[in-house]
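Biologist: Please give me a close account of one part of this model, the contact between chain A and chain B. How many residues does each chain bring to it, and which relation links the copies?

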There are 2 protein chains.
Amino acid sequence: MELSLAEENYLKSIYHLSENGDTEVSTNAIAEDLQTKPASVSDMMRKLSDKGVIEYQKYKGVHISDKGKKIALNVIRKHRLWEVFLLEKLGFRWDEVHDIAEQLEHIKSPLLIKKLDAFLGYPSVDPHGDPIPTENGEINIQPQKSLMELNEGELGQVINVPDSNPALLRHLDQIKMKLGSLVKVIEKVEFDGSVLISIDNQSPIYLSGAISENIMLKLK
Amino acid sequence: MELSLAEENYLKSIYHLSENGDTEVSTNAIAEDLQTKPASVSDMMRKLSDKGVIEYQKYKGVHISDKGKKIALNVIRKHRLWEVFLLEKLGFRWDEVHDIAEQLEHIKSPLLIKKLDAFLGYPSVDPHGDPIPTENGEINIQPQKSLMELNEGELGQVINVPDSNPALLRHLDQIKMKLGSLVKVIEKVEFDGSVLISIDNQSPIYLSGAISENIMLKLK
DNA sequence: AAATATTTTTAGGTGAGACTAAAATTATAT
DNA sequence: ATATAATTTTAGTCTCACCTAAAAATATTT
């Protein structure tokens with residue numbers, strides 16, 4: 001079954017908002033995520049439901065079906081493989097790849113993705129640490145905690161940062177935080193949720209709560 | 001000015017049908033080329049004319065403007081760079097690249113194309129021998145003759161074959177004809193327009209007129 | 001030059017995917 | 001429990017790119 005570009009984007013949004021298909025998603029949340037109006041979402045839900053890629057009851061929110069999940073994961077696979085290509089082969093920075101990959105992910109050619117995957121050496125994660133789903137729609141979700149959840153004294157390794165926020169990514173470049181960096185929480189500031197950390201044993205710096213909740217780590 | 005995918009395809013068609021913008025193009029020819037109906041073409045001509053990318057008078061055919069030519073050449077540039085990528089980096093065959101490049105050519109990101117161009121080593125022709133326009137819309141059109149135009153005894157070097165006909169390209173693979181091959185016309189058959197040729201001094205074979213008129217050569 | 005054929009345009013309509021405004025449903029607060 | 005607020009859906013439009021059928025313009029025959 002071939003979905004339109006718009007339909008693919010809806011499915012992807014639902015997949016993400018439902019955290020990998022586990023929770024129900026509201027009409028408003030989808031509208032917000034896709035920068036459209038709730039009325040448009042309702043229309044589309046009827047259509048996607050008819051196609052069997054979501055389960056939908058009026059006023060009751062949306063659940064992605066197995067079929068839908070597979071399609072969403074395939075789009076995500078393509079997005080992340082293209083991100084790897086843009087960074088590793090073309091020399092883009094990690095804050096530049098998301099928007100272009102948003103376009104490339106809709107190119108239709110399974111063979112192209114097979115060959116791209118091989119060309120890139122079968123990567124398992126994209127430049128932001130997100131796991132790349134397999135051809136069969138399997139995805140390896142790692143247990144992770146946000147930097148804000150760590151306690152004073154705890155140590156973690158950065159394994160994931162958001163791909164869609166260039167300004168944040170550029171800031172991480174500035175403070176020299178990258179995937180794989182070891183981060184130690186020295187002090188948590190009660191008042192504003194900011195944290196004092198050291199990155200790879202460098203001199204400590206403060207990070208705002210807004211930033212630290214977006215940085216995902218594996219406990220060490 | 002941003003054109004839609006459909007508008008870009010119309011411009012590209014007009015550019016090609018007008019042989020690089022030189023001749024007038026008829027409504028029917030465009031409809032045939034784009035597999036659409038003449039009525040749809042008339043609609044689009046009004047729109048493209050309003051945008052200043054073509055000169056159009058009702059019932060009088062269409063001429064592409066300088067502005068339009070530049071846009072068309074940019075799309076063609078992208079198409080041909082992607083074809084090089086697919087063939088040289090991903091290992092596609094030359095008969096497989098056209099359809100995928102038709103999709104990739106509409107990706108919008110000047111920086112992407114700059115970087116892709118560099119990654120490919122600034123190629124000047126695509127896998128079918130078509131010249132790749134520069135960023136500024138310049139294109140190096142070589143004088144060339146179709147194999148059918150050669151006389152008996154004449155020798156030519158293959159410099160261009162059509163990119164959009166996979167069956168033909170696969171046939172050329174079979175008879176081991178590639179870009180750069182030296183082709184000698186041994187005999188021209190009056191009756192059906194076929195020609196007896198030798199490719200790179202191999203044993204002679206017959207080619208139908210339909211094939212030979214699509215193979216473009218530089219006289220040697 | 002008139003008749004006929006071809007090409008092109010206009011008129012009106014369709015589906016996709018968006019919108020606004022209003023109605024219906026569900027959730028929250030009093 | 002009722003009133004109010006928030007969310008969601010429906011109803012009715014809009015634009016885009018296509019369509020068919022009919023009309024208009026141009027080209028070709030006789």
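Modeller: The following account concerns the interface of the two chains.

The model is predicted: local features require pLDDT of at least 70, side-chain atom pairs count only at pLDDT 80 or more, and totals for chains, interfaces and linings use all residues. Residues are numbered from 1 along each chain as its sequence is written, chains are lettered from A in the order in which they are written, and side-chain values use heavy atoms, without hydrogens and water.

Chain A and chain B each contribute 20 residues to the contact (heavy atoms within 4.5 Å). Together they bury about 1600 Å², 75% of it on carbon and sulfur atoms; buried area is the accessible area (1.4 Å probe) lost on being put together, summed over both parts. Of the area that chain A buries against chain B, Leu90(A), Gln103(A) and Lys115(A) supply 30%, more than any other three residues. There are zero salt bridges between the chains (a side-chain nitrogen of Lys or Arg within 4 Å of a carboxyl oxygen of Asp or Glu).

As for symmetry, a turn of 180 degrees with a shift of 0.0 Å along the axis lays chain A on chain B with an RMSD of 0.1 Å, superposed by least squares on C-alpha atoms of residues with pLDDT of at least 70 in both copies. This is the relation of a two-fold axis. Leu104(A) has the C-alpha nearest the axis in chain A, 3.8 Å from it. Because 100% of the interface residues of chain A are also interface residues in chain B, the copies meet through the same surface.

Definitions and conventions. Buried area = accessible area lost by both parts, 1.4 Å probe.
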